[in-house]
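Hi,

Here is the structure I promised to pass on. Have a look at it first, and my notes on what turned up are underneath.

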Amino acid sequence: MIDCNSMENNQLTALIFDLTKKIKRSKILDAPEDLLVYEYDTSIDRALPDIVILPTTVEEVSHAVTVAAQYDIPVIPRGSGTGFAGGALPVKGGILIVLTAMNKIREIDAENRLAIVEPGVINLHLHEALEPYNLIYAPDPSSQRICTIGGNVGTNSGGPHTLAYGSTVNHILGMEVVLPGGRIVWLGGRQLDTPGMDLRGVFVGSEGTLGIVTAICVSLIPVNETVRTMLAIFDSIDAASSAVSAVIRSGVIPMAMEMMDQETIKVVEPRVRAGYPIDAGAVLLIEVEGLSEVVEHNSAVVVKACNELGAREVRIAESSLERESLWEGRKSAIGALGQTAPAIYLLDGVVPRTKLPEILNKVLLASHKAGFKCANMFHAGDGNLHPTVLFDPLESGATDRVLELGGEIMKLCVDAGGSITGEHGIGLEKRSYMEWVFTESDLAAMEKIRFSFDPVGNFNPCKILPTGHGCAQGHMQITDQQFSIPGVYV
Amino acid sequence: MSNIQAFPESIGNFIKSLPPEICREPEMYVIDGKVPLSAFRPLHIDQISQIIQFANQYNFAVSPQGSRTALTFGRKLERYDIALDTSGISKLVEYTPEDLTVTIESGATLHDLQAILSEHRQYLPADPNPSDVVTIGGLLATARSGAWRGNVPSTRDLILGMTVVMADGSIATSGGRVVKNVSGFDMHRLHTGALGSLGIISSASFKVLPIPERNVSLILHCSDIKEAGDLAFILRNSVLPIRGLTILDSKTSFKLGFSYAPKVLVEYVGIEVSIHRSIQDTEEIMRRFGEINQLEDSQIWAEIRSLANEKKEQIVLRCGVQANNIVEVIKLAELTSAICTWANLTSGSVRVIFEDINVVSLSKFRSQVEGLGGFMQVETAPGNIREVFDPFGDIETDLVRSLKYRFDPSGILNPGRWMVGV
């Protein structure tokens, strides 16, 4: 456990008493064995909350926030806990507000192309609910089978189709939010560009530091007439990366361009049977959508560009089953990699697309030098890398070395003019890297945003901003002892 | 420089310390009838910083302005001492066509940017009023959009990062120059639409898109506004590659040189085959409605954009409603003295123009639109109207006050634009 509040028993009893004034006791967890379930997300760190609440109404969330303010203790929102950056870890203890029970799709307004959902709705469940209406909610993170829309709002999630549709923020019209202090407000609304400052825009991606979202109005888009999914097979990752740039250069922006390297293919194919050639150096999963005539034209452009860059073959999915199978391989890649090593460490960095081949080589070199296997499956069209390091946390010093390697890879991204995160967020893990990207003055400005919403700084403390910016605690050092139970952190 | 002696001594001394080429005639920068004490047109971001530091030190109110096309957005300024003309900060910072990213200083006009991008057959899909004469800073600070909003990604969707001179003169950057980035708070989203009240935007980075190979505009003749609404809905629900879908009321139609009857104006973009298919499908749909004409060029969209800035004293409203209430709002506007009303269906935006309207009628119209679950914002109006009629309506105020307090504690940046003291 890391620097948790460790509330005294009598204080805890009083807190629970106050919470139960408006929240049923059964929605409040305080038994050690219950709290343990919530001490980790999908990052490497761990931290125990003092109390967990599973609210079902905005009033309960507001009450919990109000009580937390009276006790001056932290409040941390959490969805499914799929975050890779430690954003949902209660590093200073406090109340963990788990929103998974707020999981209703309240309204689908097909005529006006919007839906209102609670934050605990699983991303895929919304996609499924929209099928009869021939509409989609565009953001589709690879974890969409388990991640929540609220969590997606928290980190401004992306996914394979971000290339054409943009990140979560582009698809959020408005949100009901409980602010620190307990006030309930709507930011944005049911229409685009509501008057006033764009508080909606700055809230999305704030990782629970500005408030807790309790309802979300998402915009929907119509399903395209035709979709075509292609698998371009290359002998090397260099050739595949160059093909990505060639496609963009041709003036065609596919809906998605995903790359998997040999290490990933070797692991995924035997487990998922997606149809990836096991001896390929790299594959590109490319999807084009639109009018059938356009899809025909754009696929020809894509095939030509890939062939010119030395593709061994470009396969076109002939049926929806084949298409789903190709995507299943991509979306199951992390899970499959997780089965091959005691633990994996998934990184998230962005580089200008034109620098992909150079940086990928440097990533592989750095991993090799550090003595780890590293697999790569990522959003090539966006230059969004996800190097995945395989390691055994029980091996002495391995975790520290993996974290060090992670830092080195992030530095490579920064030096290439890129970013330390494209869709996973800063959370706890990357806040010390923020100073590589932003100046003291940049961070001071960001701090103003944070304190405008949360003057006390009790909302998800020690996240996003580095030490000295709203959190006195230094970067946490992980010890091997934390991995007494081997696990797969995916 | 006019009459330095009449200035407060601090301004006089400050002006003497600056390169003479950045000092301007204050009379050129009148806002709502008020001439500022002084005006500057800095040529470098450090000079903006220097001016803001000075203003902050002596508590002079600064109003940033680019092409001066949106000076009546928001309430009347409570104080106006220094005009900060950003048009001298207009360099291209970085453009990598292969990465579809560009960074440009805020004083460059949208026209300048599009010219640079078009050399590589790329563009920023923004069509604000009155035209591409708006500066990038002005485009962002006012978050203006046009018929493309909702159909193709907008400036709000494509902004990647921003550099801002803060109210204390410090320089802060957020986001970055890569197309996907969630590091830190998205300050650039906060400044987009903040009307220059939290900082001076000095440069911005965008993701850009390829220019569509072809575009075509069709005008569809309707017998009444209900039919226009039905038709626009049918088109929106099609799979056709729409970039603009606008309903014109009879008056607007007539003003643009068409018959005095409602119209639907649609623009399709894409490759030759998709344009061909779009025209064919639209003709098929129109069999149930009326006449259809293909326009020779896209000029009509530019004409619509310029309507909102046609006359200095006119009143321009931007209403936002859900798509299924668009026609209702147009009908409500027809009951007023509005001279033009047009609506962009996909974004749910209706613009209404008046030559004159009293505050009572404005209030009534706002409550009618709000009754439909929408909002009504005054985009342009003479100062005497904006003095007594809140341009924004019901907006979140506490958080805005809190942000203003932290970003601009002395209240020197466009004071009063949002509300009293903010």
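Let me start with one pair you can find straight away: Arg156(B) makes a salt bridge to Asp193(A), with 2.8 Å between the closest N and O atoms. Before you zoom in any further, please keep in mind that this is a predicted model.

**Where chains A and B meet**

That pair belongs to a count of 9 salt bridges between chain B and chain A. Polar contacts between chain B and chain A come to 25 residue pairs, both partners being at pLDDT 80 or more. Several elements of chain B each bring at least two residues to the side that touches chain A, among them α5 (155-158), β9 (171-175), α7 (225-236) and β19 (375-380). The largest share on that side is from α14(B), with 7 residues.

How many residues does each chain put into the contact? Chain B gives 67 residues and chain A gives 78 residues. Together they bury about 6000 Å², and carbon and sulfur atoms account for 60% of that area. On the chain B side, the residues that lose the most area to chain A are Lys180(B), Val182(B) and Phe185(B), which together make up 16% of what that side buries.

**Inside chain B**

The domain assignment splits chain B into domain 1 (4-86), domain 2 (92-210), domain 3 (214-304) and domain 4 (310-388). I looked at how domain 1 and domain 2 of chain B sit against each other. Their centres, taken over C-alpha atoms, are 23 Å apart. In the contact, 16 residues of domain 1 of chain B meet 20 residues of domain 2 of chain B. The area buried between these two domains is about 1400 Å², with 70% of it from carbon and sulfur atoms. In domain 1 of chain B, Ile45(B), Thr69(B) and Phe73(B) lose the most area to domain 2, together 34% of what that side buries.

What about charges and polar pairs across this domain interface? The rule finds 0 salt bridges between domain 1 and domain 2 of chain B, and 3 residue pairs in polar contact, both at pLDDT 80 or more. Helix α2 (residues 45-58) of chain B gives the most to the domain 1 side, with 7 residues.

**Some spots in chain A**

Helix α11 (residues 320-331) of chain A passes a simple length check: at 1.5 Å a residue, its 12 residues should span 16 Å, and the end C-alpha atoms are indeed 16 Å apart. Leu326(A), Trp327(A), Gly329(A), Arg330(A) and Lys331(A) are buried in α11(A). The buried residues of this helix pack against several elements of chain A, including β12 (226-234), α9 (262-272), β14 (282-290) and β18 (373-379).

Is Ser43(A) buried or exposed? Ser43(A) counts as buried because its relative accessibility is 3%, under the 20% cut-off. You will find Ser43(A) in the loop between α2 (32-36) and β2 (51-53) of chain A, and its side chain reaches the backbone nitrogen of Gly86(A) at 3.5 Å.

Last one: Lys411(A) lies in helix α14 (residues 398-415) of chain A. Lys411(A) is partly exposed, with a relative accessible area of 33%. Its C-alpha atom is 7.7 Å from that of Trp436(A), 25 residues away along the chain.

Cheers

Definitions and conventions. Residues are numbered from 1 along each chain as its sequence is written. Chains are lettered from A and ligands numbered from 1 in the order in which they are written. Side-chain values use heavy atoms; hydrogens and water are left out. Helices (H or I, at least four residues) and strands (E, at least two) are DSSP runs, numbered from the N terminus. The expected span of a helix is 1.5 Å times one less than its number of residues. Buried means under 20% relative accessible area, exposed over 50%, partly exposed in between (1.4 Å probe, protein chains only). Contact means heavy atoms within 4.5 Å. Domain bounds come from an automatic or database domain assignment. Buried area is the accessible area (1.4 Å probe) that two parts lose on being put together, summed over both. A salt bridge is a side-chain nitrogen of Lys or Arg within 4 Å of a carboxyl oxygen of Asp or Glu. A polar contact is a pair of N or O atoms within 3.5 Å; within protein, one must be able to donate a hydrogen and the other to accept it, and residues adjacent in sequence count only if both atoms are side-chain atoms.
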